[in-house]
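Trainee: Could you take me slowly through one part of this model, explaining each term when it comes up? I would like to look closely at how helices lie against each other, and then at what lies beyond them.

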Amino acid sequence: MTKMRSDRLKIVFMLCLAFITTGGQHFESKVAQLLRDETEDIKCFVEVKDLTCFWEEEEERNNLHDQYTFTYSYENKNKMACVVSSLSLLASNKTVFYCKLPKTPFFTPLDVQVFRDGRMLYSRSLNAENFWFLDPPRNLTVMSSGKEGQLNVSWLPPLLKYIDDSMIYEVRYAVEGNNMGKVEVIKVSTMLVLLGLQPDTRYKVWVRVKPDGVAYTGYWSAWTEPVLGVTQPSDVDPLIMLLVLFIGLILCLLSMTVILSHHKFLLKKLWPDIPSPEHKFPGLFTVYKGDFKEWMSQNNSSMWGRSVHVYTEELPSPLEVLSEVSLTSHGTSQREERQAVEEDEEKESERSDSGLTDRWREPPQAHCLVEQLRALQENPESLSQSLLLQSHETYVTLNQNSQGDDERQVDDVFEETLPLQTLFTTAGTTSLNTSHSDLGSLQQSSGSGRLSSQSSFEYPNHTWPPKGPGYTYMAVADSGVSMDYSPMSSSRIAEPLGRHRMYTNDYKNEIFLHKWPLSGQHTQSGSESCMGPGW
Amino acid sequence: NVRLFALLLMVLEWTCPGLSSPLRPICDLRVLDHFIKEAWDAEAALRACKDACSTATNFTVPLTRVDFDVWEAMNIEEQAQEVQSGIHVLNEAISSLQASNQTDVLQSHIDASISNIASIRQVLRSLSIPEYVPPTSGGEDKEMQKVSSISELFQVHINFLRGKVRLLLANAPVCHQGVS
């Protein structure tokens with residue numbers, strides 16, 4: 001029985017000691033803090049429900065407790081005395097005297113005075129409700145909220161009935177090890193969610209409390225002990241990020257490889273080359289700087305034949321012998337004629353304004369042909385007999401003289417001159433009647449000498465009117481690029497009918513433009529020439 | 001039928017505000033805190049003005065002292081009576097200032113205080129706090145005090161609002177119904 005009683009007493013004693021020490025710890029810390037911060041001589045604060053006022057010891061005295069007297073009064077009542085106690089602060093090695101009022105009146109002015117040896121030392125008038133010095137909040141907990149960069153902080157309010165709805169809290173948080181922290185102020189509520197934190201980081205959190213200042217005011221409480229909290233790691237796994245980067249890199253490399261291996265093809269598609277005819281004119285741009293005349297003169301004899309071969313899409317086929325009867329006397333071969341004609345053309349391209357007749361006779365190579373022409377002219381009838389009017393071939397007549405009656409002169413219509421007119425046959429004979437269809441491809445020179453051309457179809461009845469000194473009949477085909485002197489079938493000719501371009505030379509001869517019956521199509525005068533300075 | 005009845009109730013509520021229907025209880029202390037803040041402003045303004053704001057007459061004002069233990073021991077009716085009588089006396093004292101010529105700043109504070117007291121009365125009424133009953137016996141039964149300056153008057157004003165009035169409102173039974 002006595003043993004149990006003694007045990008109980010011990011327990012009670014221990015509890016009381018614990019209570020006192022904790023209270024004393026808080027009390028001592030508060031006193032120490034106010035000793036630093038408060039400037040008044042008498043420093044007062046309210047802890048739970050009672051006001052405590054203390055002052056610092058002036059000088060060292062032997063009898064401490066008997067020296068000081070503390071009195072307080074309110075509402076014009078008599079002064080009341082308070083028991084003075086002393087406290088030695090271990091940290092600062094100072095001694096303070098304090099008095100704790102037994103019944104503290106609130107919401108009324110309170111006059112306190114300190115006397116020493118009968119003399120008033122300090123005096124102060126204050127309202128007790130303005131000097132709350134609360135304990136730090138209890139049970140501070142920091143937990144991860146489940147979301148990235150957030151922490152849930154919660155605590156318990158001070159145990160005071162009347163002012164629990166007038167509290168204001170301050171939460172301080174900082175990365176562990178870092179002194180720079182942020183502060184959040186929160187009213188009344190005892191929990192807070194910290195936002196905008198770094199993921200997967202350890203944070204320290206402190207909290208302190210103060211009355212809000214409307215009904216009650218006071219000092220900031222001490223900071224709680226720091227509590228650690230860890231934020232959630234970020235959602236994006238760094239491993240996944242690395243994998244994504246790696247795959248992206250591989251894809252880039254692959255695409256680069258593909259592009260580089262097919263870069264020529266891609267370049268052609270995206271940036272096509274402008275075709276240049278330079279390769280067809282060797283030396284034109286490099287040696288002669290684009291001077292076509294020079295180039296032609298240099299390459300005339302040697303290159304002409306070859307160039308003709310290059311330009312024409314078809315090889316020139318032998319000329320038809322127009323009149324076997326009449327031509328046999330001359331004994332010209334087909335090839336000679338063709339060659340002569342080609343040479344003539346070449347010559348004619350060099351001519352300036354002058355009569356064809358003159359030029360015609362000048363070059364020695366053409367002399368043979370001239371003779372032949374003369375022979376032909378002398379025997380127009382024989383020629384007409386042998387005309388291949390019955391066939392569907394085209395004929396070109398070179399009229400040396402200007403026989404103006406039937407001939408049509410279209411002077412100055414076309415800038416470029418054409419020595420020959422390509423006549424294409426059309427199906428049927430319906431076109432034979434009209435003689436005014438416009439071929440349009442013939443161009444006239446402004447020279448005095450003229451070449452006239454007539455279609456074989458103009459004379460359906462085999463009446464080939466004598467036109468003058470001579471005619472040269474040739475079969476001409478225009479492939480669109482150049483004149484091809486060969487017997488052509490209608491099928492070959494009829495197709496490019498509407499689109500053909502006349503082979504233009506720099507002929508200065510006048511050439512009659514005969515309007516030949518066509519299938520109603522108008523052939524344009526070729527603004528582009530097969531050969532000539534236009535290129 | 002139910003809808004019609006509800007509509008009728010709503011219409012009646014709007015059209016008959018003067019009826020003795022109970023006001024919605026104003027339990028939020030922030031309403032009173034607003035008045036207290038204005039009283040703080042008045043007290044701070046008048047603390048600075050001492051000479052110009054002094055008057056010859058004395059004011060009878062209520063006692064503002066609160067002992068928590070004593071207050072907790074009182075029942076709600078006693079607390080209500082103390083608060084209501086104090087408000088009444090305070091109102092009379094401040095109203096007496098309106099008549100005398102004062103500065104514009106002081107006048108604005110006086111007007112604000114009077115309107116705030118009226119609002120506080122409404123709040124108390126909403127909480128079903130019993131109205132002030134003038135004492136039939138003597139004039140000085142209730143604890144009163146006398147102050148001689150306007151600054152003291154407004155000090156009493158702010159202390160009274162912060163203390164007794166607020167404690168009464170915080171402890172109003174109407175606001176704690178249903179809360180365990």
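Mentor: What follows starts with one helix and its neighbours and then moves outward.

This is a predicted model, in which local features need pLDDT of at least 70 and side-chain atom pairs count only at pLDDT 80 or more, while totals for chains, interfaces and linings use all residues. Residues are numbered from 1 along each chain as its sequence is written, chains are lettered from A and ligands numbered from 1 in the order in which they are written, and side-chain values use heavy atoms, with hydrogens and water left out.

Let us take helix α5 of chain B, residues 104–126, and begin with its packing against helix α2 of chain B, residues 29–48. Helices here are DSSP runs of H or I with at least four residues, and strands are runs of E with at least two, numbered from the N terminus. The axes of α2(B) and α5(B) lie 10 Å apart and make an angle of about 155°, which means that α2(B) is roughly antiparallel to α5(B). Such axes are lines fitted to C-alpha atoms, for helices over the stretch in contact, and the angles run from 0 to 180 degrees between N-to-C directions. Angles under 35 degrees count as roughly parallel, over 145 as roughly antiparallel, 65 to 115 as roughly perpendicular and the rest as oblique.

The crossing of α2(B) and α5(B) is left-handed, a word used if the near helix is turned anticlockwise from the far one by less than a right angle, with right-handed for clockwise. On the α2(B) side the contact includes B:F35, B:E38 and B:D41, and on the α5(B) side it includes B:A112, B:N116 and B:S119; contact means heavy atoms within 4.5 Å. The residues of this contact divide into 10 nonpolar, 3 polar and 2 charged, where Ala, Val, Leu, Ile, Met, Phe, Trp, Tyr, Cys and Pro count as nonpolar, Asp, Glu, Lys and Arg as charged, and the others, Gly among them, as polar.

Now look from α5(B) towards helix α6 of chain B, residues 150–170, where the axes come within 13 Å and cross at roughly 20°. The pair α5(B) and α6(B) is therefore roughly parallel, and this crossing is left-handed too. B:L106, B:H109, B:I120 and B:V123 are among the α5(B) residues that meet α2(B), and they are also among those that meet α6(B). Facing them in α6(B) are residues including B:F154, B:H157 and B:L161. The contact of α5(B) with α6(B) divides into 12 nonpolar, 3 polar and no charged residues.

Moving outward, 19 residues of chain B are in contact with 22 residues of chain A. The two chains bury about 1900 Å² between them, 50% of it on carbon and sulfur atoms; buried area is the accessible area (1.4 Å probe) that two parts lose on being put together, summed over both. In chain B, the residues that lose the most area to chain A are B:R65, B:F68 and B:R162, together 37% of what that side buries.

For contrast with the helices, chain A has an open sheet of 4 strands in the order β4-β3-β7-β8, with antiparallel pairing; two strands pair if DSSP finds at least two bridges between them. Within this chain, β3 (residues 68–74) and β7 (residues 109–116) pair over 7 bridges, and the bridge partner of A:S73 is A:D111 in β7(A).
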